[in-house]
Structure formats: structure tokens, C-alpha cells
Amino acid sequence: MDKSKLEALLKDMSLTEKIEQLVQLHGNFFGGGEKLTGPEAEFDLPEDFPYRTGSVLGERGAEKLHKLQDEIMAKQPHHIPAVFMTDVIHGYETAFPVPIAIGSSFDPKLAEELASAAALEASAAGIHVTFSPMVDVARDSRWGRCMESTGEDPWLNGQFAAAMVKGFQGDDYGKKGKVASCAKHFAAYGAVQSGRDYNVTEISERTLFEDYLPPYKAAVDAGVSMVMTAFNTIDRVPCTINKRLMRDILRKKWGFEGVLITDYGAINESIIHGASEDKKDAARKAIEAGCDVDMVTDCYARYLEELVNEGTVPESLVDEAVMRLLELKNRLGLFENPYKDGSDESEKKYCFCKEHRELSRKAAEECTVLLKNNGVLPLSGKEKIAIIGALADDKEITGTWALFACKEKTVTLKEAFEQLYPKADITYVISDSDTESAVSAAKAADVVILALGENENYTGESRSRADISLFKEQKELFSKVYEANKNIVTVLFGGRPLAVPDEAEKSAAMLEAWLPGSCGCYAVADILFGKVNPSGRLSMSMPYCSGQLPISYSAYSTGRPKPDGAKGFIPFLSNYMDVPNVPLYPFGHGLSYSDIEYSAVRLDKAEMTADDKITASVTVKNNGSMPAWEAVQLYIRDIKASVVRPMKQLKGLQKISLAPNEEKTVSFEISGEMLSFYDINMEFKPEKGKFTLWIGGSSLTENSADFELI
Ligand code: GLC
């Protein structure tokens, strides 16, 4: 429909109808679902009100949504189609590894491929919009939602954000197999104080702009269709009513013209935060701040019309919000085809199809991180193996947001070994408490594989943990098994980096498998047996203990830095008495079975002006006998500036494949933009002076070169 017809439609709509478009409710409001409870039960809206709203949350299924769309359009005064939105976060029916794992692939192209496959399945099931990518920078693994993030680095999260927007939307999300995408949670949700979900944030303006906003900006620049507000406050103002954040930054400064939706119940929560008087006040502040769609509260439904009629809120604010939603529906093609791609036939063809299951396995090959290996891996297949731990046969390693996955079809580690390595001599003890059987199996084995960590019930929304070490039972299991057999390969499952210093110290090898999705355990088994060369890199630091959190490789010198590599406590320097400053395993860390060799860094010149470029190159060689993937990382430090700068910042990444004995030259262009930052006056620009850059396989690389901006 062309814009003039949309404008004519808007003009012809009553104020009541326009406001109804701005409300989003979930399936239970349409009858047939669970009984409404809590605040939602008090909405007390007219029976057919839900059918006049503009969008629906969380419903899926081609046939079901086809029927619901018909019912909604029949009851809409102008028969406007609804837009169906839900959380397709790491796959739809085929579950891919959780986003923290995808981040650890260090491969944005892979993320794009996964998003595209998820869009194909979701759109076939009648879904039009996904509330993904979640781009929040996460530096505190007490926060359960780090599982949904691609990690701690603003630049890397931005790369993944752009890739996932492209994967979901393509170049036109009205096309078949594509969905509109929604970046969330705007903004700085990952900075919640003490890692406790829904908490306030206390970050400076500069930290907001330097560390937390970049990935949202990357999503906006990539053309994301929607943005979702966050539950937290910024500068003591709830994001959902934060006019500066949404109108000044998102819309004016960045030029975002898409739909802004609140998070679940967030307008109402501004009252509970203590920043709105009541629902009417909350509705006013939210529409003034720029929220277009009210997710599952009755604030807009009950008070927005009154606010307009009494002259408190100009109708133009409602009109612009409704127009943005109509434009989204129009770009989805819903006015011409209200069902878009939803069809039983496509659903059967694409959902959980063989190609996507294989993609789920391939993704896990790239996401799994080999943290430690004293040489025990890869296994030869001739060893007598004991596989111990409840997580070794737990289907709840599919992933916390795998809402629509066929979890009963998820392959567990035990099933992967049985299917792929039936001849291997393996004894299983699928328990964390049966230490007697575990010890007996360990005693009789050459090598023990211990499956420890968390299943999907311990990560995700509202799953904050103050102590992120292993559960007591698992610690005891580890100790008992270690007494019986020191040759332990620990396989960690979970959606957050756990604090496992003791177990890491004692394990012969340690693998981070995350929550690997429908077929990810095939990849874990193949890595353990050396069929796949691990290439994952931690996209979020693994701390020694909760006390180190939040933690990031991108740390600051302080005025009393502890010298690199210095051991133990040094009085009157910035360090702890009881644990190191550095994490157990840092951002970018990950081993492979190959010896990957880097040449020294070569610069084509040692000086540049802000509008000039320096090219930095290395030669990377695979000295191993297996094909390898290598995530070549570029880090930069601004030695002195008008404000303190991090000691390292990731500014470039190239993930390359290397055949045995193959070498490749990898080059990065250093630009003025790359060196820019928010200076003492909050102006984004570079400052002249000395810089150091590093190119290597992790944030620990010492392969450096100096240059100057003149
Ligand atoms: C939840 C989450 C958000 C999700 C929304 C809709 O509370 O915070 O990430 O998209 O509700 O399910």
C-alpha cells in the first residue's frame, strides 16, 4: 500500500481505534490459553478488546495465526491486520546454540546464517517479527541474561547485531522467509547493579556512550525495524519513560524511524520504580518519551484517549506512533497478504529440517571453547571412558529461549556418543549425587568426562545468581572423582561463564559447551574425539569468582596498576588480597588442536592523520595436521588522552580457515574513526598521540606495534 493510502487510513481512524493499535497483548487474552493472573487479570477490558489491538505477543503456528488474523481483521473497524511478534532468539523449532555461545564463535557470518534459518522457520509458522537480536553488553555473569547476549565487547556485539538483523530481515523483510527484527533492550540492561535482573544501573554518560550504546547503534545502522525498551533505569530514569534516551538519542541523534515497543509490562513498572504517579501518568510519560507500543499493560488502553481529549497529550504523538506501526505492517506486506508466509506446508518443510539440524551442529562446532588441554585431548577412541554427571544426558541444554524447540528431540551428550562413537568403551553415570558409582567408574577408566555446570533453568531472564561457582553437589562430585582419577576432561554446560578455578586447575582439559542447542552435542563429541578442531573464543571473560564482577578485558590502568603477570597480593597497588585481578580465562581465549603461529605485526607506516589510514598485517600459519579456524583479533590502545582510555579495545576481527601448514596474510586498516572516542567534552573524535595495536588469537596477545596519530 503506498504512503498516501496509509495516511488516508490513519486519517479515517477514530482516536479509539488508533490507540487500540498501540496495545500488544498475548494469546491468553484471546481466550483458549491459561487463565489471566496477576495485574493482567485486573485489566477488565471489554471481551472483544484484544481483537482490536494492533499486535499480538507470543503466538505461533500457521493455522492458528491464520484463524486469529481472520478473527482480528473481522473485528477491526478498518480490518487492519495484526502483526504477530515473538521471541525467536536462538532458533525457532531448530534450536541453535544460545547467543553467548554464538558470540564465542567470533563469527558474525555464522550468526547471520543462523538468524536467516530461524527466520525461515518462524515466518513459515506465521510469525512476522522477532524480538531479537538482544545486543546488551554483558560483563557480569551473575546476570542470568548474559546467556542472551553475544558478550562483553561493544564492538563485537555490534558486529553480531548487524549480522543478525541482516539474517532475520534480508534486504527486505516483506520477502518470503524473512521477519522484521527488534534490537533489545534499550539501553544498558547488561549494566544492572550487582548483576541482579531488573535492577537500576549506575553508569556515567561516557560509559553509556562508549561501552553500552554502540551495539544498538550498529543494529539501527543495519536497518533494524524495531527497538525494545529495557526494564532498568538510566541516570535514575526508567528507560521506558526516558525521553532523552529515546527521543534525543535513538530518534534524533541516530535517526531511528522504526517502531519502539516497551518490554513486558514496563510502562506500568515505571510506577513501581517510583517514577510515575499512576497508570495515567505512566501512559503520558511513555508516549511523550516515544514508546509506540505498550506491551501487556492497560495504561495506553485505559488512559491515552483521556490524555488526548483533555489536551494533555497532543493527538499528533498518537498519530506518529500509529503511523510507524502501520508502516511496519505495510513493509511486511500484511495489507496485501495478512498471513505473510504462514502455511502448514512451509512449516512442515522448514521447521526442524535436516539442513537446520546440521546447521545447529556446525554452529556448535564453532561456538564450543577449548579452555584448557594438557594433551589429553583429542581422545583416540581407544580409551576406557567414564562419562559422569546429570548434564551428560539432560535435554534441558537446548537453551533458555528455545521456546518453540522440539526439546524431546534435542541430542544429549550421551546420545551423541552412542550415535557417533558406538564402538567407544564408555561407562555412563548420569547423576551428580551417585558418587559411589561415579568413583567406581572413574577408578576403572583411563579418562573421565565430567559434565558439569547449569542447564537452561539456571540462566536467562530473572536467573541472577550471586555465587556463580558450581553447585555444591557438583563440587563434591568433582572432588570424589578427582581422588579416583586425575585424568578429567570437564565439559561445562550453561549460559554464563562460571567461576571454576579449582576445577580448572585440577582438570586435564576443560571445554565450554554452553547450551548448544538441538544438535550441538554432536559437535562436543566430535571435538572430544578430534574429528573437529575447536575454534571457539570466549566472548565473555570467565571470572575467578563472583567478587571479581563485573569484569572485562577492556580494563583501565588505574593510577596504581599491578604489573602484568605479577603473582600474589602487592600492597598499595590496585589488586585484591585473595584473588588475581585477571579473570580465570579472558575474553578472546580459546585453544585449538593446532599450533597457530603469528608473525610479528607489520605496519605500512608508523604515523597517520585522522583522515588517513595505516595498514597493519600479520601472517598466520597453521602448523598443525588438522584444518583449523582462527579468529584473528585486532586490539588498540590510546596511550594518553583527555580522559582515561581502556588498556585494550577490540577493533577488528577476521575469522579465517587454515588447511594444515597453510599460511595466510591478514590485514586491518586503522582509521581515524577507529581511534575516535568521547573526549573530555563528550565530542566523538580521535586525539593526536601515541597508540599501540596488537594482532593475535586472544586479548592476551603480546604481538604489538606502535604508531602515532599526528
Ligand atoms: C520479556 C523479556 C523480553 C521479551 C519480552 C517478550 O520480559 O524481557 O526480552 O522479548 O518479555 O516476551
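The following exercises, each with a worked solution, concern a predicted model.

**Exercise 1. The ligand and its surroundings**

Determine which residues surround the ligand, and which side chains among them place a polar atom at a stated distance from an oxygen atom of the ligand.

Solution.

Step 1. List the shell. The ligand is surrounded by L57, D87, F131, R145, K184, H185, M228, F231, D263, Y264, M295 and E461.

Step 2. Sort the shell by class. Six of these residues are nonpolar, one is polar and five are charged.

Step 3. Examine the polar distances. In the side chain of R145, an N or O atom is 2.8 Å from an oxygen atom of the ligand. For H185, a polar side-chain atom lies 2.7 Å from a ligand oxygen. For D263, the corresponding distance from a polar side-chain atom to an oxygen atom of the ligand is 2.6 Å.

Step 4. Consider how far the ligand is covered. On its own the ligand has 310 Å² of accessible area, and the protein covers 92% of this.

**Exercise 2. Peptide bonds with cis geometry**

Identify where cis peptide bonds occur at K184 and H185 and at L549 and P550, and state in which elements H185 and P550 lie.

Solution.

Step 1. Recall the general expectation. Most peptide bonds are trans.

Step 2. Take the pair K184 and H185. The bond joining K184 and H185 is cis, with omega about -5°. H185 belongs to strand β5, which covers residues 180-186. Both K184 and H185 are also in the shell around the ligand.

Step 3. Take the pair L549 and P550. From L549 to P550 the peptide bond is cis, and omega is near 0°. P550 is placed in the loop between α21 (520-528) and β17 (596-598).

**Exercise 3. Positive phi at A188 and T558**

For A188 and T558, give the value of phi and decide whether each residue is buried, partly exposed or exposed.

Solution.

Step 1. Recall the general expectation. Most residues other than glycine have a negative phi.

Step 2. Treat A188. Its phi is near 60°, which is positive although A188 is not a glycine. A188 is found in the loop between β5 and α8 (205-212). Because its relative accessible area is 0%, A188 counts as buried.

Step 3. Treat T558. Its phi is near 65°, again positive in a residue other than glycine. T558 sits in the loop between α21 and β17. A relative accessible area of 42% makes T558 partly exposed, since that class lies between the limits of 20% and 50%.

**Exercise 4. Nonpolar cores**

Describe the largest nonpolar core and the contacts of L528.

Solution.

Step 1. Recall the general expectation. In soluble globular proteins, nonpolar side chains tend to be buried together.

Step 2. Find the central members. The largest nonpolar core has 202 residues, of which F186, Y300, L328, I388, F417 and L528 touch the most other members.

Step 3. Follow L528. Leaving aside residues up to four places away in sequence, L528 touches L377, P378, L379, F417, I449, V489, V491, L511 and Y593.

Step 4. Look beyond this core. Another core, of 24 residues, lies apart from it; I670, L675, A705 and L709 are among its members.

**Exercise 5. The surroundings of T130**

Establish whether T130 is buried or exposed, and which residues it touches.

Solution.

Step 1. Locate the residue. T130 lies in strand β4, residues 129-130.

Step 2. Judge its exposure. With a relative accessible area of 1%, T130 is buried, because buried means under 20%.

Step 3. List the contacts. Residues up to four places away in sequence not being counted, T130 touches T86, D87, V88, F168, V179, A180, S181 and C182.

Step 4. Compare sequence and space for one of these contacts. T130 and C182 are 52 residues apart in sequence, and their C-alpha atoms are 6.2 Å apart in space.

Step 5. Add the polar detail. A polar atom in the side chain of T130 lies 2.8 Å from the backbone oxygen of V88.

**Exercise 6. E59 in its loop**

State where E59 lies and with which side chain its own side chain makes a polar contact.

Solution.

Step 1. Locate E59. It is in the loop between β2 (55-57) and α4 (62-75).

Step 2. Judge its exposure. E59 counts as buried because its relative accessibility is 12%.

Step 3. Identify the partner. The side chains of E59 and K64 make a polar contact at 2.4 Å. Apart from residues up to four places away in sequence, E59 touches G27, K64, L65 and I127.

Methods: Residues numbered from 1 in each chain as written. Predicted model: local features only at pLDDT ≥ 70, side-chain atom pairs only at ≥ 80, totals over all residues. Heavy atoms only, no water. Near = heavy atom within 4 Å. Polar contact = N/O pair within 3.5 Å; in protein donor to acceptor, adjacent residues only side chain to side chain. Areas by Shrake-Rupley, 256 points an atom, 1.4 Å probe, with all protein chains shown as cover. Nonpolar A, V, L, I, M, F, W, Y, C, P; charged D, E, K, R; others polar. Core = buried A, V, L, I, M, F, W, Y, C linked by side-chain atoms within 4.5 Å. Buried < 20%, exposed > 50% of the residue type's maximum accessible area, 1.4 Å probe, protein only. Contact = heavy atoms within 4.5 Å. Helix = DSSP H or I, 4+ residues; strand = E, 2+ residues; numbered from the N terminus.
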